[in-house]
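Please look through the structure shown below together with this briefing, which moves from single residues to the protein as a whole. The points are grouped by topic, so that each residue can be found in the structure as it is named.

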Amino acid sequence: GQAQAAARAAITGAGLAVGTVTEVYSETAPAGSVISQSPAAGATVAPGSAVSLTVSKGADPAVVDTAHTALRDAFNQADIDGSGGLTYEEARTAFPGLSQAVFNALDTNGDGVLDKTELGVEDSGCGCGCSKSDLTPEGLKQRLGDFFLGGLALVLLAGLGRRTGF
């Protein structure tokens, strides 16, 4: 569970040598952390013996790509709260089995939310520039107000057109 550098320091500090270091992908251990060692902790060995380490390379890029594609495609349905981003819980609902390590790999800005930019989601709405957030009472008031003002402008133009003979 230690960082590789801390494990190396502990090994050499105990009068042992660092042996083979193997890197593997891990969905559970962050990149750079020790997953296992041989011999195991607490084993009795001769001074100067080598201790081999298995270190995490982080999440497998193929798994990250698969999760990225699935979450991008399901973004609008998965954004349950309409915030414009996916929390870890929302993302797990859309992609069951999503590990925290894969989520963190996708969360490039580290804010704990996967936004449209991080997932490459394109706005493919109706073209009016609206979004789920516009379906709030304030958003609806704004849209209705815009509609009312547009209608009022058309009525005034029609009235002026009749009056001046356009």
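Arg 72 is partly exposed in this predicted model, with a relative accessible area of 33%, and Arg 72 forms a salt bridge with Asp 73. The closest N and O atoms of the two residues are 3.3 Å apart, and the structure holds one salt bridge.

**The salt bridge and its surroundings**

- Asp 73 lies in helix H2, and Asp 73 counts as exposed because its relative accessible area is 53%, where exposed means over 50%.
- Arg 72, at 33%, falls in the partly exposed class, because that class lies between the limits of 20% and 50%.
- Although Asp 73 and Leu 119 are 46 residues apart along the chain, their C-alpha atoms are separated by 9.1 Å.

**The nonpolar cores**

- The largest nonpolar core has 17 residues, and the members that touch the most other members are Leu 71, Leu 86, Leu 98 and Leu 114.
- At least two residues of this core come from each of helix H2 (61-73), helix H3 (75-78), helix H4 (88-94) and helix H5 (100-106).
- A second core, separate from this one, consists of six residues, among them Ala 7, Val 34, Val 51 and Leu 53.
- Which residues does Leu 86 contact, once its neighbours within four places in sequence are left aside? They are Leu 71, Phe 75, Ala 78, Asp 79, Ala 91, Phe 103, Gly 112, Val 113, Leu 114 and Leu 119.

**Ala 91 in helix H4**

- Ala 91 lies in helix H4, and Ala 91 is classed as buried because its relative accessible area is 0%, where buried means under 20%.
- Not counting residues up to four places away in sequence, Ala 91 touches Leu 71, Leu 86, Leu 98, Phe 103 and Leu 114.
- Ala 91 and Ala 78 are 13 residues apart in sequence, and the distance between them in space is 6.7 Å, taken from C-alpha to C-alpha.

**Aromatic rings**

- The count of aromatic pairs in the structure comes to one.
- This pair is made by Tyr 88 and Phe 103, whose ring centres are 5.4 Å apart; their planes stand at 75°, so the pair is edge-to-face, a class that needs an angle over 60 degrees.
- The two rings link distant parts of the chain, since Tyr 88 belongs to helix H4 and Phe 103 to helix H5, 15 residues apart.
- Are the two partners buried or exposed? Tyr 88 counts as buried at 17% relative accessibility, and Phe 103 is also buried, with a relative accessible area of 1%.
- At another aromatic ring, that of Tyr 25, Lys 57 lies over the face at 4.2 Å from the ring centre.

**A cis peptide bond**

- The peptide bond that runs from Ser 38 to Pro 39 is cis, with omega near 0°.
- Pro 39 itself lies in a loop, the one between strand S2 (34-38) and strand S3 (50-56).

**The protein as a whole**

- The secondary structure of the protein comes to seven helices and five strands, and from the N terminus on the elements run α-β-β-β-α-α-β-α-α-β-α-α.
- The protein has 166 residues, of which 25% count as buried.
- If one takes the contacts between residues at least 6 apart in sequence, 60% of them join residues that are at least 24 apart.
- The protein exposes about 10500 Å², and 60% of this area is supplied by carbon and sulfur atoms.

Methods: Residues numbered from 1 in each chain as written. Predicted model: local features only at pLDDT ≥ 70, side-chain atom pairs only at ≥ 80, totals over all residues. Heavy atoms only, no water. Salt bridge = Lys/Arg side-chain N within 4 Å of Asp/Glu carboxyl O. Buried < 20%, exposed > 50% of the residue type's maximum accessible area, 1.4 Å probe, protein only. Core = buried A, V, L, I, M, F, W, Y, C linked by side-chain atoms within 4.5 Å. Helix = DSSP H or I, 4+ residues; strand = E, 2+ residues; numbered from the N terminus. Contact = heavy atoms within 4.5 Å. Phe/Tyr/Trp six-rings, centres within 6.5 Å; stacked < 30°, edge-to-face > 60°. Lys NZ or Arg CZ within 6 Å of the ring centre and 35° of its normal. Areas by Shrake-Rupley, 256 points an atom, 1.4 Å probe, with all protein chains shown as cover.
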